[in-house]
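Colleague: I should like to learn how to read the features of a structural model. May we proceed through them one at a time?

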Amino acid sequence: MEPEAADAGGGPGSPGPRRACDQCRLRKIRCDKESPCSNCRSAKRSCSSTGAGQKPKEPRQRVLISSQYERKIDMIEERLGGIETLLRNLSPISASTSSNTEVFTRQSSDKTTPLSVTSRDDTSSTVFDPEDAGDFEGNSSLAAHAVFASEFLEHAVQGTHEGGSPKIDAALSSLRQIAHMHETRRTVSSFHEFRLPGLKQPSKTNLRDLPLPPMALVAEKLREMKHGPAPMMLAVLYCFIDVERFTDQCRRVYFNTDDITDATFILVISGLAYVFLEAGLGAKDPEEKAKYDTYYAMCQKNLETVLSQLNLLMPATLENIEALLMAASFSIDISRPSLAWLLNSHASHMCRTLGLHQIHTMKDDSPQRKADKSLLFWCTYMLDKGLSLRLGRASILQDYDISLPHIAPEAKAAYPGTEVMTLWIKHAQVQGRIYERLYSPGALRQPDSYRVEQVGMLAAEQKHLMAQSMELFVEFENSDDAEGRMFALMLKSDEVSYLSSLALTYRAMPPAGTRSRTFSDECIDAARAAMLCHQEAMEMMDDQSLKIMYIHWTILYAPFIPFIVIFCLVIETSCADDLQRLADFVQSLEAAVDLSHSIGKLHQLCQVLYNVAQLYIEAKAQQPVDQDMVPVGNEFNMYLSQLGFMPMDESMGNFDVGGDSMDRSMAQTTQLGDWFSGNNYVMGLLEEDLSGINPSGWPS
């Protein structure tokens, strides 16, 4: 401190540089800092530098570099070195990619052929240019973080774990591919799905020009439907129309008695697709099965064609609502919930245009007409609420705008068809409230006390509905006839759905138990109960059609939260019993993999997550022995945390009860939102092409 004081004096013997003199400072002119300075010599004034009029220089304190700071500096240097290495490795990849792009561009520009079918399809298949659309999936930063994390993970492990386990390399490759798929989804999901893959549509196609299954075979199947038991896969179809009306619509399409509307064609093609899918499942002869599969594929392609050129300004009619609901249901069966959302959204707006949500608009209708309108509206309502929770979007039909009683009209099915559908309507209402009050952006801005209160109310309501459903299940559990057996299986699948929704509800509660830092004890119990109930339901279903309907409409339709909860619990606790629950779930899907392409993709994704969980536990267990596994486990942590699947940091759970809990509440809210977005992202992978990920080929 003494040298600084001497410097402030400005004497000639001071070791530091001399300051500007007092006279130059007062006159605000430049001083050459000589003694005396040139200005003072010219003015013949005394030259001195006392610092008058200046603020005294504050004493500076030396910062002592402790060992803690040294370690942090070393860590920063190591991370910067890793980033430099990563960028160095990525440079040749980027150069190679750009060069390939240039070659491809030159080759394309050299061609002078007219506009190709593919290019025409790219510009005319949607109303908007999909390249100009931005991606929305609830959390836009998730894509960039996931891609960076996966690439950094792979390069870090390659640099620190040379010659490591081939299974870990396969796991990292799968994770990187999953993140890459998320990166390439640059268009809005609804329009992305509307551009159906594999469909090259250069111009509008006349519906009369589309190929149809043989008329004789269709007539045979219609006679079987009229005089025999109804196919299980047509359960959705029978909610809207009866066999006689469906037969009449088929006649109109095949004989071209008048102009065929898009709605009529959609209803017929969707119904025939379900008919041939059911027939193919029951066929014993391979040639007969191949024939039915061919006609099913034909109907699916025709449906994609008519949907790709559907008029978005089609008038609001009951037939158009029926057609949109049938197409939305078929979209769910082929694992395209984004397309189902788009179609059902149009149906929802039509319902409001026709006033189907208001009871007074039906006062002059006959009882049958009123029942038909009510049935259409409630089917639209259930899809709206279920897909809202599945995709993490606000529903269109709001309860405060509905005066129609939440009771199903008299169903065409026998008892307890009406009672079961009424429970479905009330469960859909709860699903809408789960998103609105627990997971919407507005709900996440609320304090923890608000969400805890809402969790209690919603959980009590769901338990009441589940108790009513189980009373009906006990009544039909030991039924011998086919219809009673079908109701028993439906009610058992409803139990799985209730438990899954209950797990999602309890997930919004702050963890208060000792089993997890992320999930409450109630959430863990509900998730484990749902996994057990799923195994019981799969054991009951010996019919392939019922198995497909159960997996499509219970596991794929609404978000099956229990699997993700148990997966995250395994990551946090390394519990062997929970890992076995994941293995049992994956094994239960293997028996139905060949029945449906959607089930195959679900099994593929769940198998990847199970393998990652298993390898993560192995990497963590080897860390105390094998120090080379430490960076592997740490990078797994980093990647999973980007998806919101890592537990909260232990330091966030050590706040004193009487202290300020604002940081803890904000951390829990952020982690809850990330977890919900991560779950929606993982389930959204089922709409992507997963053929490049083959978990069955991982080294054993």
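**Salt bridges, helices and backbone**

Modeller: Let us start with one pair: Glu224 forms a salt bridge with Lys221, with 3.5 Å between the closest N and O atoms. A salt bridge here is a side-chain nitrogen of Lys or Arg within 4 Å of a carboxyl oxygen of Asp or Glu. This is a predicted model, in which local features need pLDDT of at least 70 and side-chain atom pairs count only at pLDDT 80 or more, while totals for chains, interfaces and linings use all residues. Residues are numbered from 1 along each chain as its sequence is written, and side-chain values use heavy atoms, leaving out hydrogens and water.

Colleague: Where do Glu224 and Lys221 lie?

Modeller: Both lie in helix H9 (residues 215-227), three residues apart, which is about one turn of the helix. Helices are DSSP runs (H or I, at least four residues), numbered from the N terminus. Glu224 is partly exposed at 39% relative accessibility, whereas Lys221 is buried at 12%. Buried means under 20% relative accessible area, exposed over 50%, and partly exposed in between, with a 1.4 Å probe and protein chains only.

Colleague: Which parts does the salt bridge between Glu322 and Arg245 tie together?

Modeller: In general, side chains of opposite charge can pair when their charged atoms come close. Here the side chains of Glu322 and Arg245 meet in a salt bridge of 3.0 Å, N to O. Glu322 belongs to helix H14 (residues 318-333) and Arg245 to helix H11 (residues 243-255), so the pair ties together parts that are 77 residues apart in sequence. Glu322 is buried, at 5% relative accessibility, and Arg245 is partly exposed, at 33%.

Colleague: How many salt bridges are there by this rule?

Modeller: The count comes to 14. Among the residues concerned, Lys492, Glu495 and Glu536 are linked in a network of salt bridges. Arg515 and Asp521 also meet through their side chains, at 3.3 Å, N to O.

Colleague: Which side chain of opposite charge is nearest to Glu572?

Modeller: That side chain is Arg517, 4.0 Å away, yet the buried Glu572 has no salt bridge. For charge, Lys and Arg count as positive and Asp and Glu as negative; His and the chain ends are not counted. Glu572 sits in helix H23 (residues 561-573), and a polar atom of its side chain lies 2.6 Å from the backbone nitrogen of Arg517.

Colleague: How should one read the packing of H12 and H13?

Modeller: Two packed helices are described by the angle between their axes and the distance between the axes. The axes of helix H12 (residues 262-282) and helix H13 (residues 286-308) come within 8 Å and cross at roughly 155°. That makes H12 roughly antiparallel to H13, a term for angles over 145 degrees.

Colleague: Which backbone features deserve attention in the loop between H2 and H3?

Modeller: Most residues other than glycine have a negative phi, and most peptide bonds are trans. Lys33 lies in that loop, and its phi is near 60°, a positive value in a residue other than glycine. Pro36 is also placed in the loop between helix H2 (22-27) and helix H3 (38-43); the peptide bond from Ser35 to Pro36 is cis, with omega near -5°.

Colleague: What is the phi of Lys44?

Modeller: Lys44 has a positive phi of about 55° although it is not a glycine. Lys44 is found in the loop between H3 and helix H4 (67-110) and counts as exposed, at 78% relative accessibility.

Note on methods
Helix = DSSP H or I, 4+ residues; strand = E, 2+ residues; numbered from the N terminus. Polar contact = N/O pair within 3.5 Å; in protein donor to acceptor, adjacent residues only side chain to side chain. Axes fitted to C-alpha atoms, helices over the stretch in contact; angles between N-to-C directions. Parallel < 35°, antiparallel > 145°, perpendicular 65-115°, else oblique.
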